[in-house]
Amino acid sequence: MAPTALSARQRRITVALAVVGNVLPIALATLHDVSGHPGVFFLGAAVAVVAPVGVTLTPADRRLPRWVFAFGGLVGLTMLQAHSGGVSSPYAILLAMGMIWFGVMATPRELVVGMVAMVACCFLPMLLFGPPAYPVSLSQAAVLALVTTSVALSLGALTQETHRLTSQLRRDATHDQLTGLLNRRGWEEVTETALTEAAEGGYAVVMVDLDRLKEINDGLGHDEGDRVIRGTAERMGAVFHDQPAVTRLGGDEFAVLFVDTTADEAFGRVERLRASTPDRGAFSAGIALAVPGERLGDTMRRADLALYEAKMTGRGRVSLADPPIAIPEG
């Protein structure tokens, strides 16, 4: 599970939750008895207040400051326990808030390190410093360590499963279940990005249609037809693996987006596909090279017309679309 990249709205919500769950309780506790706490308490409060906001605002790829804020927050929360009861302090439970962040937002590695740090925060102060700042209470420390790490583990497992299901749902929404290629929605999303990054013009659309799928379905059954479709998808994935979009638009119709290419290159790659295709998977294809300023939908229509021409002139052919007709102004 990678660090979660938050949208601006999610980041605002997370900061608000950090303020409500960490900053506000610590601030109220600190102001409740200003004169009754030593300086280490206020230093810990300051660290514990800054840490949750800092870790939320730090981009996920800034690993060092992210770790400083995350683990510094645990130290700050531990400092709050000084001269206030140690692990029996009413402030000790705030450590669970830090582990909630580790369970929900951290990577698996960060989660493991966070739990180790949490256990250390429960036991080391009483062993290193002892009373009166940190009274020795091993059983209470064990309970605190068990509770906080259990919270982190439970949330971590739940979060990881949620990410897995979300990724699966996103993939299912953009990929064809039979072949694993992009579906029509995936085609729209990927091509929009690919053409934004590609140079103006310089792309082509290849439309591919199986020649005898209906005959196979009628004569040999739909299971065999599905095997032919899957075989075609596998060969297309192998031949066009370096292109941004290889798609099953539906039925026996496929599309490929070539970027920074020429008509000859696209034609040659389609012929490579044909050379690896058995007779039962025979196909026809249409190729349209985009012209500057042409929309993708118009290029696809020209490729589809070229495919229709290939079908009408004997099947098993590759036809190159004519350039669009320029309409004189005025």
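A search of the whole structure, which is a predicted model, turns up 0 disulfides. Take Cys121: the nearest cysteine sulfur belongs to Cys122 and is 7.0 Å away. With disulfides defined by sulfur atoms within 2.5 Å, Cys121 is in no disulfide. Cys122 is likewise in no disulfide, its nearest cysteine sulfur being that of Cys121. Cys121 is tucked away, as its relative accessible area of 11% makes it buried. Cys122 also counts as buried, at 2% relative accessibility.

Turning to the rings, the count comes to 7 aromatic pairs. In the pair made by Phe129 and Tyr134, the centres are 6.3 Å apart and the planes meet at 35°, so this pair is tilted. Its two members sit in rather unlike surroundings: Phe129 is exposed, with a relative accessible area of 62%, whereas Tyr134 is buried, at 9%. Elsewhere, ring pairs tie Trp67, Phe71, Trp101 and Phe102 together as a cluster. Phe283 has a charged partner, with the charged end of Arg274 sitting over its ring, 4.6 Å from the centre.

Next comes the sheet. Its 5 strands run in the order β2-β3-β1-β4-β5, and the sheet is open, with mixed pairing. The edges belong to β2 and β5 (318–320), each of which pairs on one side only. From one strand to the next, the twist averages 20°.

Although β2 is an edge strand, 5 of the 6 residues in β2 (residues 245–250) are buried, so the rest of the structure largely encloses this strand. Its partner is β3 (residues 253–259), which pairs with β2 in the antiparallel sense over 5 bridges; here Thr247 stands opposite Ala255 in β3. The two strands form a hairpin with 2 residues between them, and Gly251 in the turn has a positive phi of about 55°. Strand β3 is also joined to β1 (residues 203–210), by 7 bridges, and this pair runs antiparallel too. One of the bridge partnerships matches Ala204 with Phe258 in β3.

Helices pack on this sheet as well. Helix α9 (residues 222–239) lies across β1, β2 and β3, and runs at about 5° to β3. Helix α11 (residues 296–312) touches β1, β2, β3, β4 (283–289) and β5 as it packs on the sheet, and its direction makes about 140° with that of β4.

Note on methods:
Residues numbered from 1 in each chain as written. Predicted model: local features only at pLDDT ≥ 70, side-chain atom pairs only at ≥ 80, totals over all residues. Heavy atoms only, no water. Phe/Tyr/Trp six-rings, centres within 6.5 Å; stacked < 30°, edge-to-face > 60°. Buried < 20%, exposed > 50% of the residue type's maximum accessible area, 1.4 Å probe, protein only. Lys NZ or Arg CZ within 6 Å of the ring centre and 35° of its normal. Helix = DSSP H or I, 4+ residues; strand = E, 2+ residues; numbered from the N terminus. Pairing = 2+ DSSP bridges. Axes fitted to C-alpha atoms, helices over the stretch in contact; angles between N-to-C directions. Contact = heavy atoms within 4.5 Å.
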